[in-house]
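Visitor: Please take me through a close look at a single part of this structure, and then set that part beside the rest of the chain. I would like each cut-off stated as it comes up.

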Amino acid sequence: MRYNDDAQLDTSEVSDIRGGGGGGGLLGGMIGGRAAAGGGVGILGIVAYLLFTFLGGGGGGGGLGAADVVLGQLGQAGGAQQADNTEVQQQCRTGKDANNRLECAVVADIDSIQAFWTRELPTVFGTRYSPVKTVWFSGSVQTGCGAADSGAGPFYCPADKLVYIDLSFYDDIRTEFQATGGLFVDAYVLAHEYGHHVQDLLGVESKVRTRQGANSDSVRLELQADCYAGVWAKHATEPGPNGEPALISDISQQDIDNALQVAARIGDDWIQKNLGNGHVDQNTFTHGSSAQRQRWFSTGYSTGDPTRCDTFGAATL
């Protein structure tokens, strides 16, 4: 995936609370490098969160999990954390910066995703889209859903309507999940989280009742967010409403294949088999199987139509 070199980036949609003046070393290097991070997303934390969180009957959706009740039990309580976007503002100005610096690529992803839903949501669903920020944190964070740590993975918190991510998660996609990763995979992760925000605006997330099981509301919520991510990807390289060039200039088939690989690696069955006790128990599914996650992302990407993402009305998932 590449970004339009001349595109202007809007860093106001990011809230950098990592400390040290913002961007101070977590992923402050060039694309392709692996920086040392304070905290980081340990795979044991992710597995424990995925396999344990929803067994306790959490709430709401989120990338690899964002249950309100359990979030309140994660991480370490601390004082208020202040955002400092100074460094991001200085370094991330154009699409050229996004092509050369990972943090700027994340800014570009957020800009693209929110611009799409700002146009699409009123047209398709008659609902106004309300932009929300993505909070970059390191180690642990205080949220409207409680205290969370990096083990939660990326998530959307309905209580404060913010997306949260420890950017070191992108390294773990490659090292812990042993997936190819890449810029488009990074964008897919964020697009899934903003899919949860769309669900929140549409009132879908608040109607979730069943928290686990192959046909649970939780699984349907997550698969719909995958589908919404695919819808965004389908339109990401299209010109704007006035013919202006898209922020993202190219998405290759390899990018899509990499995203499908990651979708499979974060399926409940793959995680239980490879990162859990080796036993697959559909009764404890919360996010859907690998095949389901691939299918619904592909549905969104092939059709480009968010109305085709009705997982709650689907007879089979």
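Guide: Strands here are DSSP runs of E with at least two residues, helices are runs of H or I with at least four, and both are numbered from the N terminus; two strands pair if DSSP finds at least two bridges between them. This is a predicted model, in which local features need pLDDT of at least 70 and side-chain atom pairs count only at pLDDT 80 or more, while totals for chains, interfaces and linings use all residues. Residues are numbered from 1 along each chain as its sequence is written, and side-chain values use heavy atoms, leaving out hydrogens and water.

The part to look at is the hairpin formed by β4 and β5, with two residues between the strands. Strand β4 (residues 140–143) runs antiparallel to β5 (residues 146–149), and four bridges join them; one of the residues involved, Thr 143, has Gly 146 in β5 as its bridge partner.

Elsewhere in the chain, helix α9 covers residues 253–265, and because its 13 residues at 1.5 Å a residue should span 18 Å (1.5 Å times one less than the number of residues), the 19 Å between its end C-alpha atoms agrees. Its buried residues (under 20% relative accessible area, with exposed over 50% and partly exposed in between, using a 1.4 Å probe and protein chains only) include Asp 255, Ile 256 and Leu 260. Gln 90, by contrast, lies in helix α3 (residues 86–91) and counts as exposed because its relative accessibility is 52%.
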